[in-house]
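Let's take a friendly walk through this structure, from its charged pairs to its cores, a sheet and the contact between chains. Please keep the view open as you read.

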Amino acid sequence: MLSSSGFNYAKRPTMKDARPDPDVLLQQIHAQDVKTQRGKLKIFFGSSAGVGKTYDMLTAAHQAKAQGLDVLVGIVETHGRQETQALLAGLDILPLKTIHYRDQVLYEFDLDSALARKPTILLVDELAHSNAPTSRHPKRWQDVEELIQAGINVYTTLNVQHLASLNDVINQITGVAVRETLPDWFFDQADAIVLVDITADELLTRLQEGKVYLPSQAQKAVKHFFRKGNLIALRELALRRTADRVDADMRDYRKQAAITPIWNTADQLLVGVGNSSNNERLIRHAARLATSLHTQWYVVYVETPNRQAKTVNQQWVLDALRLAEELGAKTDVISASSIAEGLTTYAHQFNIGHVVLGQHQIKFAGIRPSIAELISQQDTKLDLILVNQTHERNKKIQGNNNSSISLQKKPFIDRLASQAINSKHNQVGYLVAIIGCTIVTVIGLSLLTWFDSANVLMLYLLMIVFVSVRFGRIPGVIATLISVSCFDYFFVQPTMSFSVSDVQYLVTFAVMLIVSLLINNLAVGLRFQAFVARRREQQAIIISHLAQQLSVARKNEHIVTEAQRWLRNHIANDVVILMPSTLPEPLSEQALLSDSIKSTGRRGQLQTLVDSNIPPEFDWAIAQWVFDHNQNAGFGTHTLVANAMHYRPLSVSGQVFGIVALMPNMPNSFHLPENQRLLDMAVSQIALALERIHLAKTAQLAVIKAEGERLRGTLLSALSHDIRTPVTVLSALASNLMQHYNSQTPDAITKNLVQDIQQQAQNIQQLVVNILDYASLQSGGLTLKPQWISLEELIGGIIYPMEELFKTHPLTINIDPQVQFIFTDELILARVLTNLLTNAINYTPIETPIFIEATLEPVANNTIQNQHSLTIRVTDQGSGIKAGMETKIFERFTRGDNESTTTGLGLGLALSRELVQNLGGTLTAQNIAPHGAQFTIRLPWTAAQPDLTGLLAEPMLATQPDF
Amino acid sequence: MATVLIIEDEPHIARFIKSALEQQAGFQVFVADSCQRGLIDTASRRPDLVILDLGLPDGDGQTVITEIRTWTAMPIIVLSARSDEQEKIKALNQGADDYLIKPFGMGELLARVNAQLRRWQGQTETSSLIHLDDVCIDLATRQVTKNSQPIHLTPIEYRLLTTLLRYPEKVLTHQQLLTEVWGKGHREQEHYVRIFMSNLRQKIETNPARPKFLLTEIGVGYRLHLPNQ
């Protein structure tokens, strides 16, 4: 663990000082947003088995339960310990899921039941546990992640040796390889870490007492593990890790509270990995460094002309990159002419301040500069951290998910490289080398009489250059060797023998060899550059091809067809693209009415838009999961890895338009960053195209909606004017006719007919008024204008024009003086009261009384003392409301009695209720004894009274009393 | 014989009002179907009363009111839709005297027209003694009695009452009353009027909850109704 220059916390001159980076702040806000919906994760963290994590967790669970929270035990492994077992009593326990796998019966935590049950707190023991092979996630922590995302709080336990970044250290200390690991980022994002700690001696005592669970099959190994030295070391690691975590919390707090402005993004780390087997130590060290620095880190492999030729070691590079990803790094494979150049360019690009490199055993010290030296030459501002990288034994701690990326005999880069120098090509090269040598020898021999042997040498050299440039390094070397041999045999004295008389020819041979190798290297470098450029161009071309095809598509079906064809051609053998069935379609009523199209996009069954054969490996459940969670799944991911297909959501800025499932045509190289990038680009292109269609539809919908609004407006104004006018005329004519008959002596029948015409005209008029009011209410056209009004005056004003009607229905008014003045919108309240009174008159027999009563009443079931509501009751003594219709009468177009001959339409009450609700109150109906209906308006009441200051002190009032 | 001008573009309504006024009340009635014609007819025919529809094809009825008010105080009755309180208030503030909500009945129309004409024609004969059933208001001595018992009014109440008495049967908006009684500085305090009206009713009306003289036009203002003697 060396550091060439130590850490430099001073800010880089290129950075702007002490200014909170808006991106970082946004990230924090976003993180807070996400966290508020997420459940909380509490980890009971210990140094080894037997410290009492499960015990503490259960104790905490009991405390939570005592507080009245819904606690559920998802899975707890008591290992037969009595105290722990006893603690389980009194807690709800989720039954385990039975899994049949290869004639075995396994019991696993039941994720789906837990999600369905949705407790407040769920206990899930052993966070680092690996699930049975057919489970949704290979690891239990992934289950926990899904639970947290579903808003469930999780209590869990973890031992320090399961932390991925400490894995190798613990392996070194204890000599026991731990297979089950937890990524550090998951540990770091836990909301609370509780360290469960006992001393090593205590633990050993407990072990001797048999209180620590030891699996019988590994008794010996585990006993070896529980040595005092080991336990102390593990305890130290656990304590230190917790301390780091507390430190990080502190730093987070400081960042939020901005106690001191520390904004040091230049602390980011860049790790350059080599193509040897010993990258693991380098990466783990860098991971620990990044965690302790609390910073982002990148791991890159630089492909150079030199390196790409060595195709054998690619597997190590891939392993290293995967490990880095698991530990939370961003990984990349970049191409550059030299490692140093690649790393410096990358560091500049991402504003990285530290470069971490592995320090190999110095082999040819002094002959050529090390990468570190080259980097420091290129950029003096970059800090270098060198990690000692002596050759370890090529051990591998293989995680379970390695199964998804099976043994790779021929990775992608490898394959591409061999395209450049493929073996067939090489065979031709050898042949050309041999033939070339033969021809040159023959020409040389035939021309020897005129030529000096030195010129023959030139001919050989020409041929070697040709072979090198055309066929690469090995044919070039072969050609050199054959040339040297032939020259020696045929042209150097003594001829026809390999013996050399003149020592200077050895120099000739050596020079020839060196020249050919040099030319070779140059040629290979050039060819590599050309190859890389060509490959990039090809990728750009195929992506632009896709973009072009998608840009002309006008329907989702076209996009899906084009996308499937493209993916089949370039990435996959089988492709399925699914979209939800209820993405809003233009002109559908539902879409017209729904304001939020986004929400409808989430619903609905996934379905194929075009006829495509669905491969047997395809799993609808996974597809739905991917769609719902907006996450990748299946082959090459961390979720449901057993499925042979790779599933991706087609999403743009959080909105999922569909999913794509594909069967990679090159499964071995599928997860390479390069391939993933190509797929990323393709998927985002497809999603963008789908979004474009969707937006076009949305715009179309908006136009339709606006058109609908316009139509409605036209209709309403037609109603208000074109119907109202004839109705006015009709009712006026009827009253005119009435007047006419009054002056003469009409027969009773004619008089009744005229009366009916008048009544009907009035009803139509009332209906039109109600419909208009209701429509304006529905479109939000109601603006309240509350003011201080006198309730008595309002009721008086309502009654005056209706006095004629009250001649048949005696009215009693009773207003509590306390509610003389109320603060409300008088027109709306007047509308409601008019409606209620009209109803009372229309629906009760003649000569039955009507009562209006206004009082102040305490609010029922309120929590605040002395809270009152203004209650206005309109009571009649008619037949009352039919049983069970008390709430139905407030629905649109419902009348109390369907068979009733009394005219009217049930819009009045619906309108009244809406109006009262707009005033912040309620309108209810009930029957009263012995018979009759009572409508109750309850309005919010404040004890405040109208402001009269300035009213009496007005100078104009200072005039002497007039009388 | 009184002359009435109807400014209304809807021929059916115009015809109905015309026939009603001619047959029932024996008025002479003219009809104009636009603002333009209405203003010309008002000036040339010199009617005693104008019935004006606010929604006219060639312009806003409000401008007609303003125009007419520049040279005469003759009664103007406005025809309007029920829900347009603001429109009504605007028209009244411009100088209209009363309004009728469509649809209106024959009797209502005649009553309003007669009330306005009475006010307009009786304007000259000022009596200092006004009777509201059993309430007697003596403008000369500033005394108000009910059943011969004196009623004590505060200065504001009295001013409010006399303002209403000055324009019997005319709808006065809250704004107009505020300006007349309190002065121009109090246009925002509509509740002053409501509170004093309430007090005034308690003192004058026999049943304040169902007033006969001091009438409320909900959302618009007040009207003093004179009983038919």
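In this predicted model, B:Asp97 is a good place to begin: its relative accessible area is 3%, so it counts as buried. Its salt-bridge partner is B:Arg69, and the closest N and O atoms of the two are 2.8 Å apart. The two residues sit in distant parts of the chain, 28 residues apart: B:Arg69 belongs to helix 3 (residues 61–69) of chain B, while B:Asp97 is in the loop between helix 4 (85–94) and strand 7 (98–101) of chain B. Unlike a buried residue, B:Arg69 is partly exposed, at 24% relative accessibility.

Next along the chain comes B:Asp98, whose side chain meets that of B:Arg112 in another salt bridge. Because B:Asp98 lies in strand 7 of chain B and B:Arg112 in helix 5 (residues 106–121) of chain B, the pair ties together parts that are 14 residues apart in sequence. B:Asp98 is buried, with a relative accessible area of 1%, and B:Arg112 is buried too, at 18%.

Chain A offers a further example in A:Arg241 and A:Asp188. The former lies in helix 10 (residues 228–257) of chain A and the latter in helix 7 (residues 184–188) of chain A, so this salt bridge ties together parts that are 53 residues apart in sequence. Here A:Arg241 is buried, with a relative accessible area of 5%, whereas A:Asp188 is partly exposed at 33%.

Here are some of the salt bridges side by side.

| Salt bridge | N to O distance |
|---|---|
| B:Arg69 – B:Asp97 | 2.8 Å |
| B:Asp98 – B:Arg112 | 3.3 Å |
| A:Arg241 – A:Asp188 | 3.4 Å |
| A:Glu793 – B:Arg194 | 3.9 Å |

Over all chains, the whole structure has 34 salt bridges, and 4 of them cross the interface of chain B and chain A. One network, joined by shared partners, takes in A:Glu793, A:Glu826, B:Glu190, B:Arg194 and B:Arg201. The contact between the chains involves 51 residues of chain A and 50 residues of chain B. About 4300 Å² is buried between them, with carbon and sulfur atoms giving 59% of that area.

Now for the nonpolar side chains. In soluble globular proteins, these tend to be buried together. The largest nonpolar core has 58 residues, and A:Ile43, A:Phe45, A:Phe109, A:Leu123, A:Leu147 and A:Leu158 have the most contacts inside it. Helix 2 (residues 53–66) of chain A supplies the largest share, 5 residues. Another core lies apart from it; its 49 residues include A:Ile799, A:Leu837, A:Trp941 and B:Ile218.

Back in the largest core, A:Leu147 touches several residues farther than four places away in sequence, among them A:Phe109, A:Val124 and A:Ile152. A:Arg140, in helix 5 (residues 140–149) of chain A, is buried with a relative accessible area of 0%. Among the residues A:Arg140 touches are A:Phe109, A:Glu77, A:Glu108 and A:Asp125.

Finally, look at an open sheet in chain A, with 5 antiparallel strands in the order 15-14-18-17-16. Strand 15 (606–608) and strand 16 (633–634) of chain A each have a single partner strand, so one side of each is left without a neighbour in the sheet. Strand 17 (residues 646–652) and strand 18 (residues 655–664) of chain A are joined by 7 bridges, with A:Arg648 opposite A:Val660. Helix 21 (residues 556–570) of chain A packs on this sheet, making about 160° with strand 14 (572–580) of chain A. Helix 24 (residues 620–629) of chain A runs at about 140° to strand 18 of chain A.

How values were computed. Residues numbered from 1 in each chain as written. Chains lettered and ligands numbered in written order. Predicted model: local features only at pLDDT ≥ 70, side-chain atom pairs only at ≥ 80, totals over all residues. Heavy atoms only, no water. Core = buried A, V, L, I, M, F, W, Y, C linked by side-chain atoms within 4.5 Å. Buried < 20%, exposed > 50% of the residue type's maximum accessible area, 1.4 Å probe, protein only. Helix = DSSP H or I, 4+ residues; strand = E, 2+ residues; numbered from the N terminus. Contact = heavy atoms within 4.5 Å. Pairing = 2+ DSSP bridges. Axes fitted to C-alpha atoms, helices over the stretch in contact; angles between N-to-C directions. Buried area = accessible area lost by both parts, 1.4 Å probe.
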